[in-house]
Amino acid sequence: MKDTVIARVSLKTNCELDPKSFAVKNINSGEIREFQHGEAFIKASLSDKLMVVLSEKYNQVSFQGEI
């Protein structure tokens with residue numbers, strides 16, 4: 001059984017977009033959690049990869065964040 005954690009991800013940006021425009025995605029499970037007050041909490045196993053993405057509200061805009 002995989003070790004599961006709740007990852008607390010903090011976001012600092014230097015762009016003009018509101019941090020609420022971004023989300024964090026668990027690449028392995030596909031789960032997406034939006035940032036609120038600069039933080040997002042997402043379930044992950046210790047081997048999962050996480051990536052910053054645009055919120056699903058902005059499905060017509062593309063953004064490729066780092067894993």
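**Exercise 1.** In which sense do β2 and strand β5 pair, and over how many bridges?

*Solution.* Keep in mind that this is a predicted model. Start by finding β2 at residues 22-26 and β5 at residues 50-54. The two strands run in the antiparallel sense, and five bridges join them. For one example, look at A23, whose bridge partner in β5 is V53.

**Exercise 2.** Work out the order of the strands in the open sheet, and explain why β3 and β5 each have one side without a neighbour.

*Solution.* Now turn to β3, residues 32-34, which pairs with β2 over three bridges, again in the antiparallel sense. Here A23 has E34 as its bridge partner, while K25 stands opposite I32. Put the pairings together and you get an open sheet of three strands, ordered β3-β2-β5. β3 and β5 are at the edges with a single partner strand each, so one side of each lacks a neighbour in the sheet. On average, neighbouring strands here are turned by 30 degrees against each other, direction ignored.

**Exercise 3.** Find the residue with a positive phi in the hairpin of β2 and β3.

*Solution.* Go to the five residues between the two strands. The one you want is G30, with a phi near 85 degrees.

**Exercise 4.** Which residues make up the largest nonpolar core?

*Solution.* First, check how covered β2 is: four of its five residues are buried. Next, list the nine core residues: A7, V9, L11, F22, V24, F35, A40, I42 and L54. At least two of them come from each of β1 (4-10), β2 and β4 (39-45). Finally, zoom in on A7: leaving out residues up to four places away in sequence, A7 touches A40, F41, I42 and L50.

Definitions and conventions: Residues are numbered from 1 along each chain as its sequence is written. This is a predicted model: local features need pLDDT of at least 70, side-chain atom pairs count only at pLDDT 80 or more; totals for chains, interfaces and linings use all residues. Side-chain values use heavy atoms; hydrogens and water are left out. Buried means under 20% relative accessible area, exposed over 50%, partly exposed in between (1.4 Å probe, protein chains only). Two strands pair if DSSP finds at least two bridges between them. A nonpolar core is a set of buried Ala, Val, Leu, Ile, Met, Phe, Trp, Tyr and Cys residues joined through side-chain atoms within 4.5 Å. Contact means heavy atoms within 4.5 Å. Axes are lines fitted to C-alpha atoms, for helices over the stretch in contact, and angles run from 0 to 180 degrees between N-to-C directions.
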